[in-house]
Amino acid sequence: MTKYIRGIDGLRAFAVLTVIVFHLNASWLPGGFSGVDVFFVISGYVVTLSLLNRPPQRLSEFLWEFYKRRFVRIYPALLFLLVTTSIIVTFFLPKFFVSKDIDQTAIFAFFGLSNFFLAFNGSSYFSPSTDFNPFVHTWSLGVEEQFYLIFPLVLFSYLLRRSKLLILLLFAASFIYSVYISSANSSLSYYLLPSRFWELAAGCILSFIHFENKESKAFQNSVFNNFLVGVILISLGAVFSDKAHFPFPWALLSVAGTLILINAIVSRKKGWGHSLFASAPLVHIGKLSYSMYLWHWPIFVFYRWTVGLDSLFEILTALGLTYLLSLFSYEIIEKKFSKTHFIRALNARHAVLASCLLIGVVASITNKGLSLQPTLSVSKTVDKGVWSPYTDLDNKISKKPGVEAQSTPTIYVIGDSHAGAYSKLLRDFSETTNFKVVLNSKGGCGVTNLKEPVLTSGGPCTQKMKRWLKELEDVVQPHDIVFFATLKSYRFVNQNDINAVDLQSSLQQQYKSEQVALREEAYNESLAVLEQVSRLTKNIILDSPKPVFNYVAFRCADWYTQHNPICSYGAKVPRPFFDLYRESTMDSLFKIKKELPHIVIWDPVDELCTPESCDIYRDGKPLYFDADHLSGYGNEVLKASFHEMIFKNFANDKYAGNAAI
């Protein structure tokens, strides 16, 4: 039995090391998720086997005892992680789009539901923003905790009847569902229990087989007792698995490999396999595996937020810190807590109820602490007046039938997140002129962006943009103004990119045949939209391509983040280079102006740049909050230019008197 336990610990070590290597962004390990699948199979097997030899109990006693053991096993180390990590988040992390899901993921994780939050808020586990969420890895604990709600009933049924029928039926149902949902919805298939149940159930079934055949040699000297086959299958799953089809079919490799390895370990056949998995280093790591899984990801995330995780020194120090925190968590939290006399003596029912109460209280306190981030944070970015461009504006393009036309014009603003990044400027304009402003913006939904088509792509923006344009037809009056605001410059980097890029390569990329063709499609689409709106009003504005940067301002704003790789290029771009960089989209703008001379092109670049350079900062304040969106201060800088543009081009005796500038 000792060798068996040591071997399972070695297998846990193999699993956690696979996960850690993948999370280091090793380019040679594109799949990398076999480690989580190995953990699922091991959990199903070990938890089942630990209960099979227990004396018969009443169902209520069986359930209370089971849940007490699970709470004591899972929650002490988890609560330590969640509270400690939340404190670091509160004091140090900026609060912008790339970090918007962090707080909610943390709170859901207290209750074993972070997988639900991640599945239904549109965050794919493979999306770049997850690299900056220190709680995203708790999804797998959520799957296990939800499995444990069902598992005791399955096991109790087996103990009563010695029948595997129920677990086999649930396994089959989960597997069939997994086959379907893995192609239909990648987030639901990846995060939720119904498509993962079969992996944990596979371990349970193997445990039942071993329990019923303690003396059987049926699997001896066969492929089911071959360490090499098991290692190869898991490794293939790590290297070749396809993100778009998971867990089916790619989890099959790691699940099958894990079952083979467990069977080989249990058979105790001597050889290199047992020597490896029962070796002292792997057994030691295996004992730390739960804490290592908990701590490695937040540490990697905090490195990405601060100094980066690229160099050998950064990787080694991150791994060293992971080991030290895991050792502390295992020795001080996991082992000592579970062995205290108070916990051992506590009635199972009382222990479960007290655990639930404690989790609720700690989660509530943590949630309150996270909500105080604007007050407690040491980051410069908490000054929302300077950093954030966003504020509330009316977004309803609607007018009740029969309502008399308003004498004061309305400015309808349509576009992507860069339209939203004019919010403070637009609100100020509305308040100082009594013009009504209606803003409709959606990230990535930039019609008239002049880089790629939106209305013909069939993507999520297509219907939204078509609805907005249809609503404009119902409400726009001839003296109203329609402002199409979008990102028209090609980005260098996004909010969640890891490294700066080569500027010349980015420039050359614009003139590849694919990009030229997309620009032509975007131009034709934009022209058609503008002709459609021109039949409603001739008062139309397009903004020009504004500066973009090879630097993410809010991620580089603080002393502890300034040496991040994403900050390496610096907070400016030479003005002559940027003029050349935006030339392709400026050409499209000029073509539109030639076709539709009444359109006004608002070009604020001279307010944002000097003749020498375009800078992120001016007088110590950021003009942009990331690599291309305006900041709150940037809105302030452009306020006068926007007022001047409106009244120079659209003012007349009918409503010019409304201006209060």
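**Disulfides and the setting of helix 20**

With 105 degrees about the S-S bond, the link between Cys609 and Cys614 is right-handed. In this predicted model, the S to S distance of the Cys609–Cys614 disulfide is 2.1 Å, and both cysteines are buried. The structure contains two disulfides. Cys556 and Cys567 form a disulfide with an S to S distance of 1.9 Å; the link of Cys556 and Cys567 is left-handed, at -95 degrees about the S-S bond. Cys556 and Cys567 both lie in the loop between strand 4 (540-543) and strand 5 (572-574), so the disulfide ties together parts that are 11 residues apart in sequence. Cys556 and Cys567 are likewise buried.

Two further cysteines were examined for accessibility. Cys204 has a relative accessible area of 1% and is therefore buried, the cut-off being under 20%. Cys356, at 40% relative accessibility, counts as partly exposed, because this class covers values between 20% and 50%.

Helix 20 spans residues 423-433, and eight of its 11 residues are buried, so the helix is largely enclosed by the rest of the structure. The buried positions are Ser423, Lys424, Leu425, Leu426, Asp428, Phe429, Ser430 and Thr433. These buried residues pack against helix 18 (384-387), helix 19 (417-420) and helix 27 (632-649), as well as against strand 1 (410-415), strand 2 (436-441) and strand 6 (600-602). Just after helix 20, Asn434 adopts a positive phi of about 70 degrees.

Key
Residues are numbered from 1 along each chain as its sequence is written. This is a predicted model: local features need pLDDT of at least 70, side-chain atom pairs count only at pLDDT 80 or more; totals for chains, interfaces and linings use all residues. Side-chain values use heavy atoms; hydrogens and water are left out. Buried means under 20% relative accessible area, exposed over 50%, partly exposed in between (1.4 Å probe, protein chains only). Helices (H or I, at least four residues) and strands (E, at least two) are DSSP runs, numbered from the N terminus. Contact means heavy atoms within 4.5 Å. A disulfide is a pair of cysteine sulfur atoms within 2.5 Å.
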